[in-house]
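Reader: I am new to this model. Please walk me through it, starting with its charges.

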Amino acid sequence: EMLPKLRNDPSYLDRLGYQVEVGGKPVSSSSVNWYGSTNAIAVRQPPSRDNALGDLKILFPNAHAIYMHDTPAKSFFSRDMRALSHGCIRLVDPRRMAAAVMGVGISEIDQQIASGKNRAVQVPVKIPVYVSYFTAWPNKDGKVEFFDDVYDRDSYVMKAFGVTSKARGSSV
């Protein structure tokens, strides 16, 4: 989504404080040919109050580069439509989640963040992570509520139901 902006204004990332590397070497975003291949280009937003990932992120093994993270845009949680990230999972209370997975108190997480040092901390134990996507869910009164299928997953589920039903029907 940034490529059109960069092609129009190659200094876009420089102005926003992003770090750009080409082949592992730091460069100015305005020196990059944004019309060519971007395979060797790495873009990173350094830690700050404006960082889109907020104060912390929690990585977990998966083939899709999905992780849990904070956000400086806390108002997003009050929106009905919140599919605004690139597949990652925004946490309402990331410090509490970090404390839980690290097996420490929230105050220790607060102290580590307050130190201002960007650190990668290994989670002390393996924790299974299951990511689920539901377009229907019971509310607190037990009534099922339906939500927009922003990722169009329901059509695949319906197709799988149809194939399964057909296979079962033909074997009876």
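Reader: How far apart are the mean positions of the positive and negative charges of the chain?

Author: This is a predicted model. The chain carries 22 positive and 17 negative charges. The distance between their mean positions is 5 Å.

Reader: Is the chain a compact globule or more spread out?

Author: Start with the elements: 5 helices and 8 strands. For 172 residues the globule rule gives 16 Å, but the radius of gyration is 21 Å, well over that, so the chain is more spread out than a compact globule.

Reader: What share of the residues count as buried?

Author: Buried means under 20% relative accessible area. Among the 172 residues of the chain, the share that counts as buried is 17%.

Reader: Which strands are the edge strands of the open sheet β4-β5-β6?

Author: The sheet has 3 strands, in the order β4-β5-β6, with mixed pairing. An edge strand here pairs on one side only. That describes β4 (57-59) and β6 (89-90).

Reader: Which residue in β5 is the bridge partner of Lys57?

Author: β4 and β5 (residues 67-69) run antiparallel and are joined by 3 bridges. In β5, Lys57 has as its bridge partner His69.

Reader: Is Asp152 buried, exposed or partly exposed?

Author: Asp152 sits in the loop between β8 (144-146) and α5 (154-170). Its phi is near 55°, a positive value in a residue other than glycine. Buried ends at 20% and exposed begins over 50%. The relative accessible area of Asp152 is 43%, so this residue is partly exposed.

How values were computed. Residues are numbered from 1 along each chain as its sequence is written. This is a predicted model: local features need pLDDT of at least 70, side-chain atom pairs count only at pLDDT 80 or more; totals for chains, interfaces and linings use all residues. Side-chain values use heavy atoms; hydrogens and water are left out. Helices (H or I, at least four residues) and strands (E, at least two) are DSSP runs, numbered from the N terminus. Buried means under 20% relative accessible area, exposed over 50%, partly exposed in between (1.4 Å probe, protein chains only). Two strands pair if DSSP finds at least two bridges between them. The radius of gyration is taken over C-alpha atoms; the globule rule is 2.2 Å times the number of residues to the power 0.38. Lys and Arg count as positive and Asp and Glu as negative; His and the chain ends are not counted. The place of a charge is taken as NZ of Lys, CZ of Arg, CG of Asp or CD of Glu.
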